[in-house]
Each structure stands twice: as structure tokens, then as C-alpha cells.
Amino acid sequence: MSQHRHPGAPGRAGAVPALPDLPEATVARLPEYLRALHNLADAGHETVSSEGLSAAAGVNSAKLRKDLSHLGSYGTRGVGYDVALLIEQIEYVLGLTQRRAVALVGVGNLGHALAGYDGFASRGFRIAALLDADPSRVGEEINGLVVRHVDELPAIAAEESIAIGVIATPAAAAQQVADQLVAVGVTSILNFAPCVLSVPEGVDVRKVDLAIELQILSFHEHRKASLTALPATGGSALTALPGGLAATDTQEAIGT
């Protein structure tokens, strides 16, 4: 079956016309497909098979085909997917056809690194403002932008049409910053602070906690070590857990 192109969409004739109602898991995988597609395009590939794209994105090929079918893309038998068209379709669905202005609040070590990252521009985002509450940070120039005081956020949000707020402050300041972002009309927040934010309905928050990711990897390391230590004869080895509990090697310990 050839790629199905719907009429009436912006951009090239035949792009996706309206935002499909996508499962959250599919939305989470689309950026991986897009990254892989851009790499393929940069390498000169005009088409890619589902197997090739799934390998490049690190996703099961059947899952990839199902995800892309939500976009109306089914590939061409014996040829695969049109790389340029698929990039266009995914960028349209992700809202990347316009460069979105981002305000980064908190320019400590992490914020400074984020502010200096050049990859945002190529992914459809523009760091439009850097803000901090520390007077010693205000006036510092990072990657061509001057750090402004967070109290200037209302004026900056209006000037730059801020679409997304990034919080890279200590946990104690994050909720106040989130409240300030919401107050100026920002409804999408990326939170790097190690805390849970309380926001009104209609405000989307994505949380990035590096410590949590390391703890999950620690679990897998612990799990692999425990499996390696199992008796060669097999059977269910009992593991002593805190509090005097015991579990077999297939059970998980759940902290309360």
C-alpha cells in the first residue's frame, strides 16, 4: 500500500490535514523517529524501510508501523517510507512547523548547560529568554543572550510570545517559578527541579529527574548482579528484604 496523503494540509500537498488523536505512547516515540529520520536525511537517504527506521530509532518495527499508521503513513511495499515526507508529517503533528519560543528560568550549572546547547534550534525551538532571581547572575551573557531578572517575566512573555517554560531552579524555588509562568499564560512546562509541581488543569508539565533515571539503572544493575549470583542448580532463591521480609528472585521489593 502506498503512503496515504490527505488533502488540504499546510505545506506540501498531501501532508497530514488535522491533528490525529494519538496515544500518549505514540507521541513519546515520534521524536525518536524524527531524530532518526533527520540522521538518515543528512546521510543522503531518500527512503527507509520500517525495519531500517525501527533499528535507527531503537523501536520494535511492528510498533513503529502502527505508530506511523496513525499519521496516515503506511509506506510503499518494496520501497519503504519517503524520508522527507515522513519528516514533514511528524513535524506537523508535533507542532514543529513554527519555532517555539522558550523561557529558561534558573541559570545555575544545569541551566547554564541548557542555555549553551545548540541543538534546540535544529529541533524547532528558540531559547528566547534566560531568567534568574540571583542578582549576581543577572546581566551575564550566555550563548548570545543576557540573563534577566525573573521579575521581568511578564514583559518578556509578551515581547517574545513565550510558548514553553523550562525550570532549572533548585526544588525550593520551582513551584513559585511555575506559578509565575502560569500567571503569564505559559501552559507547557519542562521541569528539571527534583519536585512535583502543582499546576492548574490545562497546564502540561514534563518532569526530567536525572537522579530517578540513575536509580532505575541502579535497580537493573542490582537485578543483574542478583541473577548472576543465583545457584547453578536453579530454583527459587530467597532474598532477604529490609523489615524481615523475603522474596524470590522474581519478586520486586516495593518501598512504602
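## Strands 8 and 9

In this predicted model, strand 8 spans residues 188-191 and joins strand 9 through four bridges. The two strands run parallel. Within this pairing, Ile189 of strand 8 has Val205 as its bridge partner in strand 9.

Strand 9 covers residues 204-207 and is an edge strand, pairing on one side only. The other edge strand is strand 5, at residues 141-142.

## The sheet as a whole

What is the strand order of the open sheet? Seven strands take part, in the order 5-6-4-3-7-8-9. The pairing is mixed. Strands 5 and 9 are the edges of this arrangement.

Strand 3 and strand 4 run parallel and are joined by six bridges. Here Val105 stands opposite Leu131 of strand 4. Strand 4 also pairs with strand 6, again in the parallel sense, over three bridges. Leu130 faces Val147 of strand 6 in that pairing. In a regular strand, side chains alternate between the two faces of the sheet.

## Helices on the sheet

Helix 7 is formed by residues 153-160 and packs on the sheet. Which strands does helix 7 touch? The contacts are with strand 3 (100-105), strand 4 (125-132) and strand 6 (145-149). The direction of helix 7 makes about 165° with that of strand 4.

Helix 8 comprises residues 171-183. It lies across strand 3, strand 7 (164-167) and strand 8. Relative to strand 7, helix 8 runs at about 170°. Strand 3 is thus listed for helix 7 and for helix 8.

## An aromatic pair

How many aromatic pairs does the count give? The count comes to one. Tyr117 and Phe120 form this pair, with ring centres 4.9 Å apart and planes at 85°. The geometry is edge-to-face because the angle between the planes is over 60 degrees.

Are the two residues buried or exposed? Tyr117 counts as partly exposed because its relative accessibility is 45%, which lies between the 20% and 50% limits. Phe120 is also partly exposed, at a relative accessible area of 24%.

## The annotated region

The unreviewed UniProt entry carries the annotation "DNA-binding region" for residues 32-71. In the model, this span is 70% helix and 5% strand. The C-alpha atoms at its two ends lie 15 Å apart.

Methods: Residues numbered from 1 in each chain as written. Predicted model: local features only at pLDDT ≥ 70, side-chain atom pairs only at ≥ 80, totals over all residues. Heavy atoms only, no water. UniProt positions renumbered as here; feature names shortened; annotations may be inferred. Phe/Tyr/Trp six-rings, centres within 6.5 Å; stacked < 30°, edge-to-face > 60°. Buried < 20%, exposed > 50% of the residue type's maximum accessible area, 1.4 Å probe, protein only. Pairing = 2+ DSSP bridges. Contact = heavy atoms within 4.5 Å. Axes fitted to C-alpha atoms, helices over the stretch in contact; angles between N-to-C directions.
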